[in-house]
Amino acid sequence: MASPVERKVGLDFDNTIVSYDALFHALAVRKGLIDASLPVDKATVRDAVRALSGGEKTWQALQAVAYGSGIHEARLFPGLVAFLDACTAADAPVFVVSHKTRYAAADPRGVDLHGCALGFMERHGLFAHGRINPAQVYFEPTRAAKLRRIHDLGCTHFVDDLPEVLLDDGFPRLTQRIFFSPASTGLLPGTQLTQSWDEIRSLLFGTGATRHALS
């Protein structure tokens, strides 16, 4: 494990810092796209909406709202603030690196998604008490640019919910890959599976046991 002075922690944004499960469910119910009895789970809602006639465009429109004007209804994942405070206490800088275009594909001249994401972080206190420096938040237009940014920042650890990011051939070789998947029990080669921010805090700061992935 890296010593405190060596830790430089990178975090994804969507579905890693922010939980959209309840928001997507609420949006789809309001628009009459799903029944309220459907599980409050983003993937379940996505599959149900995509199964409708014209469902892919409808899903993209929901995403534009959820990541833009509706993001104020989204939630932080539990335990994130305590994790950030542990990073601050250990003098481990935190960087947010997200694959996020400025405008949604379904609303190319609409709401500024970058500004909405920054506003969400500010409202939830993520820029307070030295947790995250706003200048250390990066929104990249492509996955390749995201991976280059992680490399250039020298992140020793990176937390992401997407296997395709963590397993990409361009992922920095020396960065520890932390797979954040609250609902998963599967392991990804070369990654560390975590199901909560408390577990990630344990992994980095040695306060408990963690699951080890296949090598």
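Q: In this predicted model, which residue does S98 stand opposite in β5?
A: The general idea is that strands of a sheet pair through backbone hydrogen bonds, either parallel or antiparallel. In the case here, S98 stands opposite F139 in β5, and the two strands concerned, β4 and β5 (residues 137–140), run parallel and are joined by 4 bridges. Between them the chain passes from β4 through helix α5 (residues 113–123) to β5, in a β-α-β crossover that is right-handed.

Q: Which residue of β4 is the bridge partner of V9?
A: The partner of V9 is V94, and the pairing of strand β1 (residues 9–11) with β4 is again in the parallel sense, over 3 bridges.

Q: Is strand β4 mostly covered or mostly open?
A: A general point helps in reading a strand: in a regular strand the side chains alternate between the two faces of the sheet. For β4, which spans residues 94–99, 5 of the 6 residues are buried, so that the strand counts as mostly covered, where buried stands for under 20% relative accessible area.

Q: In what order do the strands of the open sheet come?
A: The order is β5-β4-β1-β6-β7-β8, which makes an open sheet of 6 strands with parallel pairing. At its edges stand β5 and β8 (191–194), each of which pairs on one side only. On average, neighbouring strands of this sheet are turned by 25° against each other, direction ignored. Towards the β8 edge, strand β7 (residues 176–180) and β8 run parallel and are joined by 4 bridges, with L193 in β8 as the bridge partner of F179.

Q: Which strands does α5 touch where it packs on the sheet?
A: Helix α5 touches β4 and β5, and its direction makes about 155° with that of β5. Helix α6 (residues 143–153) also packs on the sheet, where it touches β4, β5 and β6 (157–160), and its direction makes about 165° with that of β4.

Q: How many residues does the largest nonpolar core have?
A: The general idea is that, in soluble globular proteins, nonpolar side chains tend to be buried together. Here the largest nonpolar core has 46 residues, and those with the most contacts inside it are L11, F13, I17, Y20, F83 and W197. Leaving aside residues up to four places away in sequence, I17 touches L11, D12, R75, L76, F77, L80, V96 and L126. Another core, of 14 residues, lies apart from the largest one and has I150, C155, L166 and L188 among them.

Notes:
Residues numbered from 1 in each chain as written. Predicted model: local features only at pLDDT ≥ 70, side-chain atom pairs only at ≥ 80, totals over all residues. Heavy atoms only, no water. Buried < 20%, exposed > 50% of the residue type's maximum accessible area, 1.4 Å probe, protein only. Pairing = 2+ DSSP bridges. Right-handed = clockwise from strand over helix to strand, strands pointing away. Axes fitted to C-alpha atoms, helices over the stretch in contact; angles between N-to-C directions. Contact = heavy atoms within 4.5 Å. Core = buried A, V, L, I, M, F, W, Y, C linked by side-chain atoms within 4.5 Å.
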